[in-house]
Amino acid sequence: MTDKPRKLLVVEDDEGLQRQLKWSYEDYEVIIAGDRTAAIDALRQHEPAVVTLDLGLPPDPDGTSEGFATLEEIQRLKPDTKIIVASGHGARESALRAIASGAYDFYQKPVDIDELGMIVRRAFHLYDLERENDRLAERPSDGVLGGMITAAPAMTKVARMIERVAGADVSVMLLGASGTGKELLARGVHDTSGRAKKPFIAINCAAIPENLLEAELFGYEKGAFTGAIKTTEGKIELAEGGTLFLDEVGDIPLPLQVKLLRFLQERVIERIGGRKPIPVDVRIVCATHQDLETMIADQRFREDLYYRLAEIVVRIPPLAERHGDPTLLAHHFLKKFGRDLNRNVKGFTPDALAALNAWHWPGNVRELENRMKRAVIMTEGSRISAADLDLDDKPEDAELLNLKTAREIADRKAIRLALARTENNISNAAKLLGVSRPTFYDLLKQYNIDV
């Protein structure tokens, strides 16, 4: 923002209305254009943030063809411009069509200067917000931990902490809810350390059956068990010289915790069926969403292993506590999925931006990413709305009229949380909620929740 007046382009062929609008917007630098050619010339020269556009322009003042052609050309040349359309010719129908084509808002003739002024101010405000979000998203990659997208002080503090400990060859434990970006931060530890040119090997301890996890970690010799047709290195060996990331380390069974502890103490392993100790130089970074201290008290996790793994503990705040990040990340995912899915979606409606900041994000960044991908695919307009994000529910603190309403809100919240935590896996979500798959499908249908 500067002290110079904001530039507002008024595309209007009525000279009387031109003078009225220019007089009414003395706080802005108003540029007047009476037809499409003049409007495009002014757009190229002044690059206004906001344009008011009469759809009835010469040589088609009684229709809307010239106005829509102007709208299309402005969007092509400067897609971030906020366009507010007006038409005296079937105003509402034309306006709705224009918004579907990418216009920001509309006003009806005869013009209500106060009402239009409010719409113009909102358009400038939204333009400023989007520019600031774009600026933050496009910061140099060395800004925060190799380009991690955040504007929240809490996450910036986490990133700086990781940058400080990365150079020290110590074990790091990342604690945070599912979907907060633990693997991204683990990669940040690796990429900013002296091991960056060596392998980064990740394994999700919760995703591998207990009887196979030992073989995945430590490898096995040929003939060690049925199906072991060749000697196979485990993840620990594959990470030689680099970093091993143990995700959901709280799910490692107790017998295997003993073997992992021995490796951390002696830095040697033995493959299943092997007798030869193999020295391995590897750094351990682990993560979990579980309360390991409670698990230690319940004797479900070894205290000595915990202290070996948790030489440095980093706690990652949930997305709901990272103020500003939902909007910033939503813009990032919009660009990513728009490009990957070849969808020309230009931005967000005001209600979507408000909903992004108000939502409690139980599934954290993973939930936001899933909602954005679905919204980019499903939206019928050029801008994503709160309904496209499935964030148009009434606030949870609204007055509850009866027990049925309260139960429905609780059911919806539980279902969405289960889907977010299991990345939309129906079987796992049903298991998490303690219901059968048919029952879970019935709940999805009952509450009109799309997966």
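**Exercise 1. Determine where aspartate 54 lies in this predicted model and whether it is buried or exposed.**

Solution. Begin with the secondary structure: aspartate 54 is found in strand 3, which runs over residues 50–54. Next take the relative accessibility, which is 4% for aspartate 54; because buried means under 20% relative accessible area, aspartate 54 counts as buried. Finally consult the record, where an unreviewed UniProt entry annotates Asp54 as "modified residue: 4-aspartylphosphate".

**Exercise 2. Describe the surroundings of lysine 78, and state whether it is buried or exposed.**

Solution. Lysine 78 sits in the loop that links helix 3 (65–77) to strand 4 (82–87). Its relative accessibility is 11%, so lysine 78 counts as buried. When residues up to four places away in sequence are set aside, lysine 78 touches Leu43, Glu47, Pro48 and Tyr127. For proline 48 there is a further detail, since the side chain of lysine 78 reaches its backbone oxygen at 3.4 Å.

**Exercise 3. Check whether the length of helix 10 (residues 254–266) agrees with its number of residues, and work out how its buried residues are arranged around the axis.**

Solution. At 1.5 Å a residue, the 13 residues of helix 10 should span 18 Å, and the end C-alpha atoms are 19 Å apart, which agrees. The buried residues of helix 10 are Leu256, Gln257, Leu260, Leu261, Phe263 and Leu264. They cover an arc of only 160 degrees around the axis, and therefore lie on the same side of helix 10. The elements against which these buried residues pack are helix 8 (210–218), helix 9 (235–238), strand 8, strand 9 (268–269), strand 11 (283–288) and helix 12 (303–309). Just after helix 10 comes arginine 267, whose phi is positive, near 60 degrees.

**Exercise 4. Assign lysine 259 to an exposure class and list what it touches.**

Solution. Lysine 259 belongs to helix 10. With a relative accessibility of 24%, lysine 259 counts as partly exposed, because that class lies between the buried limit of 20% and the exposed limit of 50%. Not counting residues up to four places away in sequence, lysine 259 touches Glu214, Phe218, Glu270 and Ile272. In the case of glutamate 270, the side chain of lysine 259 reaches the backbone oxygen at 3.4 Å. As for proline 317, which is 58 residues away along the chain, its C-alpha atom is separated from that of lysine 259 by 32 Å.

**Exercise 5. Characterise the position of cysteine 205 and name its contacts beyond four places in sequence.**

Solution. Cysteine 205 is placed in the loop between strand 7 (200–204) and helix 8, and with a relative accessible area of 2% it is buried. Beyond four places in sequence, cysteine 205 is in contact with Leu213, Leu246, Asp247, Glu248, Val249, Asp251 and Ile252. The C-alpha atom of glycine 250, a residue 45 places away along the chain, is separated from that of cysteine 205 by 8.1 Å.

**Exercise 6. Find where the pLDDT is lowest and highest among the elements, and which stretches stay under 50.**

Solution. The protein averages a pLDDT of 85, and 90% of the residues score at least 70. Among the elements, helix 16 (residues 403–421) has the lowest mean, 71, whereas strand 8 (residues 243–247) has the highest, 97. One stretch with pLDDT under 50 is residues 139–143, for which the model has five contacts beyond four places in sequence; another is residues 394–401, for which there are six such contacts.

Technical notes. Residues are numbered from 1 along each chain as its sequence is written. This is a predicted model: local features need pLDDT of at least 70, side-chain atom pairs count only at pLDDT 80 or more; totals for chains, interfaces and linings use all residues. Side-chain values use heavy atoms; hydrogens and water are left out. Helices (H or I, at least four residues) and strands (E, at least two) are DSSP runs, numbered from the N terminus. Buried means under 20% relative accessible area, exposed over 50%, partly exposed in between (1.4 Å probe, protein chains only). A polar contact is a pair of N or O atoms within 3.5 Å; within protein, one must be able to donate a hydrogen and the other to accept it, and residues adjacent in sequence count only if both atoms are side-chain atoms. Contact means heavy atoms within 4.5 Å. pLDDT is the predictor's confidence in each residue, from 0 to 100. The expected span of a helix is 1.5 Å times one less than its number of residues. The arc is that of the directions from the helix axis to the C-beta atoms. UniProt positions are given in the numbering used here, feature names are shortened, and annotations may be inferred rather than shown by experiment.
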